[in-house]
Amino acid sequence: QLWLVESGGGLAQPGGSLRLSCPVTRFALDSWPIAWFRQAPGKGREGVACIDAPDGNTKYADSVKGRFTVSKDISKNTAFLSMSSLTPEDTAVYYCAVPAGDKKNWCSVRESDYDVWGQGTQVTVSS
């Protein structure tokens, strides 16, 4: 069973925008933090952003700060990653992930802190 299912990836021009969605089952986002990661070809998985619970405090990688916004809709139990001013270096498979436990007031972009992952959605930025 997939408890996190990313969608919204695709092809964008440099300077364009995409919005990724991650609907979640089993893990209530008013109690669980959630994070976004990405993996470019030939590179390791990189933490992008996270949002904590219940307050919605966020953290961003320097490479995306000011361009990407992580948010969540509790009523839909869905996290989002809104991406703008895209560059070719943003090309990657993007994943959402949650830890095994409901860690309140906690937000991490460290890969090893997460236990449950989605299948990924491809984002390609090219002219």
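This is a chat about the strands, disulfides and salt bridges of a predicted model.

Student: Okay, new structure for me. How many disulfides does it hold?

Tutor: Two. Keep in mind that we're looking at a predicted model. Counting the bonded cysteines along the chain, the pattern is 1-3, 2-4.

Student: Which cysteine goes with cysteine 22?

Tutor: Cysteine 96, with the two sulfur atoms 2.0 Å apart. Cysteine 22 sits in strand E2 and cysteine 96 in strand E8, so this disulfide ties together parts that are 74 residues apart in sequence.

Student: Are those two buried or exposed?

Tutor: Both cysteine 22 and cysteine 96 are buried.

Student: And what about cysteine 50, which partner does it have?

Tutor: Cysteine 50 bonds to cysteine 107, and their sulfur atoms are 1.9 Å apart. Cysteine 50 is in strand E4, while cysteine 107 is in the loop between E8 and E9, so the bond ties together parts 57 residues apart in sequence.

Student: Is cysteine 107 buried or exposed, being in a loop?

Tutor: Buried, with a relative accessible area of 16%. The cut-off for buried is under 20%, so a value like that still counts. Its partner, cysteine 50, comes out at 0%.

Student: Why is the disulfide of cysteine 50 and cysteine 107 called right-handed?

Tutor: Because the torsion about its S-S bond is about 115°. The disulfide of cysteine 22 and cysteine 96 is right-handed too, with a torsion of about 75°.

Student: Switching topic: what does strand E7 pair with?

Tutor: Its partners include E2, which covers residues 18-23, and E6, which covers residues 68-73. E2 pairs with E7 in the antiparallel sense over six bridges. E6 also pairs with E7 in the antiparallel sense over six bridges.

Student: Can you point me to some residues? Which one is the bridge partner of serine 21 in E7?

Tutor: Phenylalanine 80. Over on the E6 side, threonine 69 has serine 82 of E7 as its bridge partner.

Student: How many of E7's six residues are buried?

Tutor: Five, so to speak most of the strand, which runs over residues 78-83.

Student: What happens between E6 and E7?

Tutor: They form a hairpin with four residues between the strands. Asparagine 77 takes a positive phi there, near 50°.

Student: Now charges. How many salt bridges does a search of the whole structure find?

Tutor: Five. Side chains of opposite charge can pair when their charged atoms come close. One of the five is between glutamate 46 and arginine 38, at 2.9 Å from N to O.

Student: Are those side chains buried or exposed?

Tutor: It's a mix. Arginine 38 is buried, at 6% relative accessible area, whereas glutamate 46 is partly exposed at 31%.

Student: Which residue does aspartate 90 meet?

Tutor: Arginine 67, in a salt bridge of 2.8 Å from N to O. The pair links distant parts of the chain: aspartate 90 is in the loop between E7 and E8, and arginine 67 is in the loop between E5 and E6, 23 residues apart. Both aspartate 90 and arginine 67 are buried.

Student: Which residues are linked in a network of salt bridges?

Tutor: Arg38, Glu46, Arg67 and Asp90.

Student: And arginine 45, what does that one meet?

Tutor: Glutamate 111, at 3.9 Å from N to O. Arginine 45 is in strand E4 and glutamate 111 is in the loop between E8 and E9, 66 residues apart. Arginine 45 is partly exposed at 26%, and glutamate 111 is partly exposed at 36%.

Terms used. Residues numbered from 1 in each chain as written. Predicted model: local features only at pLDDT ≥ 70, side-chain atom pairs only at ≥ 80, totals over all residues. Heavy atoms only, no water. Buried < 20%, exposed > 50% of the residue type's maximum accessible area, 1.4 Å probe, protein only. Helix = DSSP H or I, 4+ residues; strand = E, 2+ residues; numbered from the N terminus. Pairing = 2+ DSSP bridges. Salt bridge = Lys/Arg side-chain N within 4 Å of Asp/Glu carboxyl O. Disulfide = S-S within 2.5 Å.
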